[in-house]
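Subject: Structure handover

Hello,

Here is the structure you asked to look at. My notes on it follow below.

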Amino acid sequence: MWRDAWTVAAKDLRIELRSRVGVNQVVPFAVLVLLLFAFALGPDRKALASAAAGLFWLAVLFSAVLAVQRSFAIESADGARDGLRLSGLDPAGIFLGKAAAVVVQLAALEVVVGAGVVVLYGAHMSGVGLVLGASALGTVGIAAAGMAYGAIASGLRVSETLLPLLLLPVVVPVLLAGTKTWDAALTGHLANGMPWLRLLALFAIVYSALGLLAFGPLLEAS
Amino acid sequence: MALAAHLSAAVALADQFPVLAGVDLDVAEGEVVVVQGSNGAGKTSLLRLCCGLLPLTSGEAEVLGVDLGRDRVGVRRKVALLGHASFLYDDLTAAENVAFALRCARLARSGTAGALEAFELTGRVQRTPVGRLSAGQRRRVALASLVARAAPLWLLDEPHAGLDAHARDLLDSAVRNAAAAGTTVILASHDAERSLALADRVVTMAGGCVVASGSSAAPRALDANGTDGRMAGERTLAEVPHVA
């Protein structure tokens, strides 16, 4: 399983590095979301700083939808999806590999978006460890849920519009817990973030386990 | 001789239509079988059933010792399919696509160069993303990936399509070499001149069934005795004798 996961992750990341879709489209989209929120909230730096945590996670979630769609789009061209099914790779390994590739892309994106909220919104990071922990767990959860729902949507002709409808309601716990954890880190009340950090961990574990078990049947059924 | 594939009254459905309507077919190990038939006769569905992409609805189907009724996923690592699609990634180079196929098959990447050279994909072409290659070159890369997997059963769906005369010669040579090494080949083709020269046996399909089978020396014409000319999907479920 681990070998297959490495094979798929390396393949997906190589494709992303070469196509530069993430760099040229997904990252600019995330920055654009931050800018639009800044325009919507006005020039009040205090209001922007207080909303920074939620806006960070919203930008990440919207961008994650694009990253997940892209991850399945590369399998839909020229019968590659059937090729992947015929490859003999362990479906759990495919799930792990594709999720890992999305985690790497989202982690890079979060660095840019995180810098964006500091520069644009004037957010002050006082609990870096909590921020990193929440980001890591939240990213794993989003990627795992994205792979599960992406597999459902990808076999359908309306996958582009269906995936956000399926995925965004499911990742509301990540938005909520991620925002609360980041708020705790930004305001310096680190202890307040710990229960939410545990929720992020639980979400990541549940959807990783679900994906490992269900990805094979989902790939066959969709 | 041992059988690479044994199908008895095999029925497969696609969207409730019987694309295979009771196929009876035995293929011996090392045999090259050419499947003929008009469009919609069930040739592609037969190949997709044999590689585990199409589920078996009723009847028996055993490929390389794997019962497809019980485990159609288990056979996939043992077969290599060349379909209408090439199964390639546009942003990977020709060499990277073949190396990925090898890694999936748990084989060493060292086989990449040999497989590409067998289809004269050398030099710059190896390092070019396949999205920038011509249709014929893409087909050659797909064939190189298939050859590299060294699977004991090749399933080739219109393999000559999109290839120039020289590439067709390379393909025919690869099929002959594989068959000589004991690989079983099931080949669906409309290119009678090319495919019959490769065949040990010719099977004719119509309406989702095998309607004729004979040696390549005496190939059956399409729509021969017993063929009603209908496509597989034109049969209703009630007309398929093996579906309860």
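**The contact between the chains**

Chain A and chain B bury about 2,300 Å² between them, with 53% of that area on carbon and sulfur atoms. Please keep in mind that this is a predicted model. The contact draws on 25 residues from chain A and 24 residues from chain B.

On the polar side of the account, there are 7 salt bridges between chain A and chain B. One of these joins the side chains of A:Glu220 and B:Arg76, at 2.6 Å from N to O. The count of residue pairs in polar contact between the two chains is 13, with both residues of a pair at pLDDT 80 or more.

Which helices of chain A each supply at least two residues of the side that touches chain B? They are α1 (2-19), α3 (45-76) and α4 (80-86). The largest share comes from α1(A), which gives 9 residues. By type, the residues on this side of chain A divide into 11 charged, 8 nonpolar and 6 polar.

**A residue in α3 of chain A**

Helix α3 of chain A also holds A:Ala59. This residue has 0% relative accessibility, so A:Ala59 counts as buried. Beyond its neighbours within four places in sequence, A:Ala59 is in contact with A:Ala30, A:Val33, A:Leu34 and A:Val113. A:Val31 lies 28 residues away from A:Ala59 along the chain, yet their C-alpha atoms are separated by 7.8 Å.

**Strand β8 of chain B**

In chain B, strand β8 covers residues 184-188, and 5 of its 5 residues are buried. In a regular strand, side chains alternate between the two faces of the sheet. What is found on each face of β8(B)? On one side are B:Thr184, B:Ile186 and B:Ala188, and on the other are B:Val185 and B:Leu187; all of them are buried, and both faces are covered.

Two pairings of β8(B) can be described. Strand β3 (residues 32-36) of chain B pairs with β8(B) in the parallel sense over 4 bridges, and B:Val32 stands opposite B:Val185. Strand β7 (residues 153-157) of chain B also runs parallel to β8(B), joined to it by 5 bridges. Here B:Leu153 stands opposite B:Thr184.

**The antiparallel sheet of chain B**

Chain B also has an open sheet of 4 strands, in the order β2-β1-β4-β5, with antiparallel pairing. Why is one side of β2 (17-28) and of β5 (66-67) left without a neighbour in the sheet? These two strands stand at the edges and each has a single partner strand, so one side of each has no neighbour there.

For β2(B), the pairing with strand β1 (residues 3-14) of chain B is antiparallel and runs over 9 bridges. Within this pairing, B:Ala12 has B:Leu20 in β2(B) as its bridge partner.

**A buried arginine in chain B**

B:Arg201 belongs to strand β9 (residues 201-206) of chain B. Is this residue buried or exposed, given a relative accessible area of 17%? The cut-off for buried is under 20%, so B:Arg201, at 17%, is buried. The side chain of B:Arg201 reaches the backbone oxygen of B:Asp26 at 2.4 Å.

Regards

Definitions and conventions: Residues numbered from 1 in each chain as written. Chains lettered and ligands numbered in written order. Predicted model: local features only at pLDDT ≥ 70, side-chain atom pairs only at ≥ 80, totals over all residues. Heavy atoms only, no water. Contact = heavy atoms within 4.5 Å. Buried area = accessible area lost by both parts, 1.4 Å probe. Salt bridge = Lys/Arg side-chain N within 4 Å of Asp/Glu carboxyl O. Polar contact = N/O pair within 3.5 Å; in protein donor to acceptor, adjacent residues only side chain to side chain. Nonpolar A, V, L, I, M, F, W, Y, C, P; charged D, E, K, R; others polar. Buried < 20%, exposed > 50% of the residue type's maximum accessible area, 1.4 Å probe, protein only. Pairing = 2+ DSSP bridges.
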